[in-house]
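Subject: Structure handover

Hello,

Here is the structure I said I would pass on. My notes on what was found in it follow below.

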Amino acid sequence: MNIDGKAWRTIWLEQGGRSVGVIDQTQLPHSFSIRSLATLDQTAEAIATMVVRGAPLIGVTGAYGLMLALQADPGDASLAAAFEQLNATRPTAINLRWALERVRDRVAPLPPAERAAAAAAEAAAIADEDVAMCEAIGDHGLALLRQLADERPPERRQEPLNVLTHCNAGWLATVDWGTALAPIYKAHRAGLAIHVWVDETRPRNQGANLTAFELGREGVPHTVIVDNAGGHLMQHDLVDAVIVGTDRTTRTGDVCNKIGTYLKALAAFDNGVPFYVALPASTIDWTLADGVAEIPIEARSSEEVTHIQGLSSVGSAAGELVTVQLSPQGSEGFNPAFDVTPARLVTALITERGVAPASEEGLRGLYGEFVPPPTTSVLRRHSRRRRIHGSGA
Ligand code: MRU
């Protein structure tokens, strides 16, 4: 995607493959800065602190993290320890484990001296495939958006199509194109008039910071709204469709995504607004059948709730990125980073292979080659409280 006329991906190799370049997303939209990741520890820290974030991008970053670990020490113990360290950085997005397993399974049978180069090739393949999958999601989503635009009553067909999105599922969350935003970019480039309602997405504000930044740089008309405005807009016919991304989708079509997605799905359902989820195959967890019961939900630091980061416009700090406290000293915060939207609230899934109902039959119709293990239908509803992971709870 474009920034000031230059095409960027979110991750690339530097120094002949001895380090990995990324865009520091903690500084956006206020400054566009690049970080170099040269070690396993730096890579794990970048994922945990959300220098890079978004399910597909953390998968690719993890894959390159294994490459860096193997450059330093290609032995079996190093491979196993690096896998564990990277996999523990963020527990909800399945793309991370998927990419780490793919690199580990590729390099483990090789002699140690060949492993780093093989890891580099596998990570690059994952990155390139991600771009291709996201672009295909964009093409399938564009067809859907054209259909929605044409089905509107004649008196509304001159207005832009209004799409609401939550969090950031754009190119910054992937290697390029994005998932939920790919159809929007395709529509905009194809001349379909489109306007995006951007949920700010507290507490980390990925919508206000990242989605608004992306859409602005691509020239897509958009408006940032507070997270609680969506229901009101839907009641007043100001939303034609909701499109979100996902961090993990069960084989039955339950969708885990940024906290607050579930409430948007409920409001969409109540108002008859179609609710679409865009995802590549790497986000499907074929081992799980019940998203609410089985998907681990990351709990991040409570400080992300009690404090907020932004550009100061005050006094000597004007122009600096500062963090300010929102809630009273001593008030506790709780910060589950994701929630699960049951498949029954999802109108359809937009994948790189086409659009499907959010159901096991729907997904199997697109991905017939995946066979889930037989033991996974056991539900563990009794352990819901223990599925909240992380340091801030
Ligand atoms: O905590 P984040 O910013 O990594 O969460 C990102 C999301 O929830 C995205 O919507 C999801 O990863 C889909 S991105 C293509």
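A polar backbone atom of A55 sits 2.9 Å from an oxygen atom of the ligand. This is a predicted model, and the distances and angles in this note are to be read with that in mind. Two side chains also make polar contacts with the ligand. In D247, a polar side-chain atom is 2.8 Å from a ligand oxygen atom, and for N257 a polar side-chain atom is likewise placed 2.8 Å from an oxygen atom of the ligand. On its own, the ligand has 410 Å² of accessible area, and the protein covers 100% of it. There are 19 residues around the ligand, and those that come nearest are R90, Q206, D247, N257 and K258.

Next, the sheets.

One open sheet is made of three strands in the order β3-β4-β5, with antiparallel pairing. The edge positions belong to β3 (11–14) and β5 (34–37); each has a single partner strand, so one side of each has no neighbour in the sheet. From one strand to the next, the twist averages 30 degrees. Four bridges link β4, which covers residues 19–23, to β5 in the antiparallel sense. Within this pairing, V20 of the sheet stands opposite L37 in β5. Helix α2, residues 55–72, packs on this sheet and touches β3, β4 and β5. The direction of α2 makes about 20 degrees with that of β3. A55, the residue with the backbone contact to the ligand, is where the residue range of α2 begins.

The other open sheet described here has seven strands, in the order β8-β7-β6-β9-β12-β18-β19, and its pairing is mixed. At its edges stand β8 (222–225) and β19 (354–356), each with a single partner strand, so one side of each is left without a neighbour in the sheet. The twist in this sheet averages 25 degrees from one strand to the next. Strand β18, residues 348–351, runs antiparallel to β19 and is joined to β19 by three bridges. T351 has G354 in β19 as its bridge partner. Helix α9 (residues 261–271) packs on the seven-stranded sheet, where α9 touches β6 (161–165), β7 (194–199), β9 (241–244) and β12 (275–278). The angle between the direction of α9 and that of β12 is about 145 degrees.

Then the aromatic rings.

A pair of aromatic rings is described by how far apart the centres are and by the angle of the planes. The structure holds five aromatic pairs. One of them is formed by W8 and F32, which meet edge-to-face, at 4.9 Å centre to centre and with 70 degrees between the planes. W8 belongs to the loop between β2 (6–7) and β3, while F32 belongs to the loop between β4 and β5, so the pair ties together parts that are 24 residues apart in sequence.

Last, some details of the backbone.

The peptide bond from L28 to P29 is cis, with omega near 5 degrees. P29 is found in the loop between β4 and β5, and the loop between β4 and β5 also holds F32 of the aromatic pair. Another cis peptide bond runs from R202 to P203, with omega near 5 degrees. P203 is placed in the loop between β7 and α7 (206–218). C167 has a phi near 65 degrees, a positive value in a residue other than glycine. The loop that contains C167 is the one between β6 and α6 (182–189).

Regards

Key: Residues are numbered from 1 along each chain as its sequence is written. This is a predicted model: local features need pLDDT of at least 70, side-chain atom pairs count only at pLDDT 80 or more; totals for chains, interfaces and linings use all residues. Side-chain values use heavy atoms; hydrogens and water are left out. Two strands pair if DSSP finds at least two bridges between them. Helices (H or I, at least four residues) and strands (E, at least two) are DSSP runs, numbered from the N terminus. Axes are lines fitted to C-alpha atoms, for helices over the stretch in contact, and angles run from 0 to 180 degrees between N-to-C directions. Contact means heavy atoms within 4.5 Å. A residue is near a molecule or strand if one of its heavy atoms lies within 4 Å of it. A polar contact is a pair of N or O atoms within 3.5 Å; within protein, one must be able to donate a hydrogen and the other to accept it, and residues adjacent in sequence count only if both atoms are side-chain atoms. Accessible areas come from the Shrake-Rupley method with a 1.4 Å probe; for residues, only the protein chains shown count as cover. Rings of Phe, Tyr and Trp (its six-membered ring) pair if their centres lie within 6.5 Å; planes under 30 degrees apart count as stacked, over 60 as edge-to-face and the rest as tilted.
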